[in-house]
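The following exercises concern a protein model and are each followed by a worked solution. Please examine the sequence and the structure before reading on.

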Amino acid sequence: MVELEAPDDADLDRLCRQLLANPLVEDYEIERIPATSSASPPGVPGPGEGRAA
Amino acid sequence: VKFGVLQFPGSCDERDAVLACERVGDAELIWHGDTKLSGIDAVVVPGGFSYGDYLRAGAIARFAPVMGAVREFADAGGPVLGICNGFQVLCEAGLLPGALLPNEGLRFVCRQVELEVVTTATVATADCEPGERLSIPVKHMSGRWFAPAPLLARLEASGQIVFRYGEGQNPNGSVADVAGVCDRRGNVVGLMPHPEHAVDVLTGSADGLKLFESAARVPA
């Protein structure tokens with residue numbers, strides 16, 4: 001699992017296909033973590049942050 | 001003939017590759033940040049651990065600035081030989097078919113193996129005989145070449161399987177005992193064994209020299 005901040009997820013699929021996964025032998029899916037209204041503890045996505053897996 | 005041997009951060013076999021190339025011609029190292037291959041007649045993408053093998057072996061190196069020039073060189077028919085990590089880089093770059101997965105035994109393997117030359121219609125095997133046996137060492141952790149069955153069948157039919165491990169000598173679980181493949185035209189060749197470590201009988205075998213001699217004969 002790769003977790004990252006992505007203010008704009010328009011390029012996430014390309015990022016997965018060209019770098020994070022080798023589509024010949026690997027599959028991937030992108031999961032977005034909904035924004036929360038309160039501050040998050042360290043290591044947990046905060047407002048506006050997403051996660052690619 | 002002048003060989004250009006790529007050097008990425010983490011490469012470790014580039015100097016042996018240069019020494020092997022110098023047995024049949026001239027050679028120089030080419031830094032991964034370079035964007036041109038001026039005066040180069042043949043390219044070697046050497047073994048090692050480019051960019052620390054982070055993410056997947058070869059996955060980051062394929063984006064190195066020099067790889068754009070390598071792609072242009074290959075598209076123009078120039079001879080390109082990828083060895084071990086270089087094979088992984090070329091597969092990740094899409095210049096060669098298939099992918100290299102972790103060894104079936106999940107252990108690093110380092111041993112001498114026998115290779116069978118499947119086709120001589122490539123820049124790396126032109127000096128070999130069909131079916132010839134070559135004694136060359138392997139040393140890798142992710143050398144299990146894989147292609148889905150339809151792709152493998154297509155590669156077999158089009159003569160793109162270049163080397164197979166000898167019977168009972170497959171060290172990593174590669175599908176169909178494949179040890180090396182080439183592109184459609186045969187000017188880009190990759191293999192997991194290390195021919196640059198088999199260029200002198202004093203170290204066990206000089207069979208690897210045939211690959212460099214073959215590449216040196218290709219017209220620039």
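**Exercise 1: The sheet**

In this predicted model, chain B holds an open sheet of nine strands with mixed pairing, in the order β2-β1-β3-β4-β11-β10-β9-β6-β7. Determine which strands stand at the edges.

*Solution.* Begin with the two ends of the order. Strands β2 (26-31) and β7 (133-140) of chain B each have a single partner strand, so one side of each lacks a neighbour in the sheet. From one strand to the next, the twist averages 25 degrees. Next, consider a pair inside the order: β4 (residues 80-83) and β11 (residues 188-191) of chain B run parallel and are joined by four bridges. Within this pair, B:Leu81 stands opposite B:Val189.

**Exercise 2: The nonpolar core**

Identify the residues that touch the most other members of the largest nonpolar core.

*Solution.* This core has 70 residues, and B:Met67, B:Trp145 and B:Phe163 touch the most other members. Helix α2 (residues 65-75) of chain B contributes the most to the core, with six residues. As for B:Met67, its contacts beyond four places in sequence include B:Leu6, B:Phe8, B:Val89 and B:Leu95.

**Exercise 3: The interface**

Describe how chain B meets chain A, and find the salt bridge between them.

*Solution.* First, list the contacts: 12 residues of chain B touch eight residues of chain A. Second, consider the area: the two chains bury about 790 Å² between them, 65% of it on carbon and sulfur atoms. B:Leu55, B:Arg56 and B:Phe63 supply 49% of the area that chain B buries against chain A. Third, apply the distance rule, which requires N and O atoms within 4 Å. A:Glu26 and B:Arg56 form a salt bridge, their closest N and O atoms being 3.7 Å apart.

Note on methods
Residues are numbered from 1 along each chain as its sequence is written. Chains are lettered from A and ligands numbered from 1 in the order in which they are written. This is a predicted model: local features need pLDDT of at least 70, side-chain atom pairs count only at pLDDT 80 or more; totals for chains, interfaces and linings use all residues. Side-chain values use heavy atoms; hydrogens and water are left out. A nonpolar core is a set of buried Ala, Val, Leu, Ile, Met, Phe, Trp, Tyr and Cys residues joined through side-chain atoms within 4.5 Å. Buried means under 20% relative accessible area, exposed over 50%, partly exposed in between (1.4 Å probe, protein chains only). Helices (H or I, at least four residues) and strands (E, at least two) are DSSP runs, numbered from the N terminus. Contact means heavy atoms within 4.5 Å. Two strands pair if DSSP finds at least two bridges between them. Axes are lines fitted to C-alpha atoms, for helices over the stretch in contact, and angles run from 0 to 180 degrees between N-to-C directions. Buried area is the accessible area (1.4 Å probe) that two parts lose on being put together, summed over both. A salt bridge is a side-chain nitrogen of Lys or Arg within 4 Å of a carboxyl oxygen of Asp or Glu.
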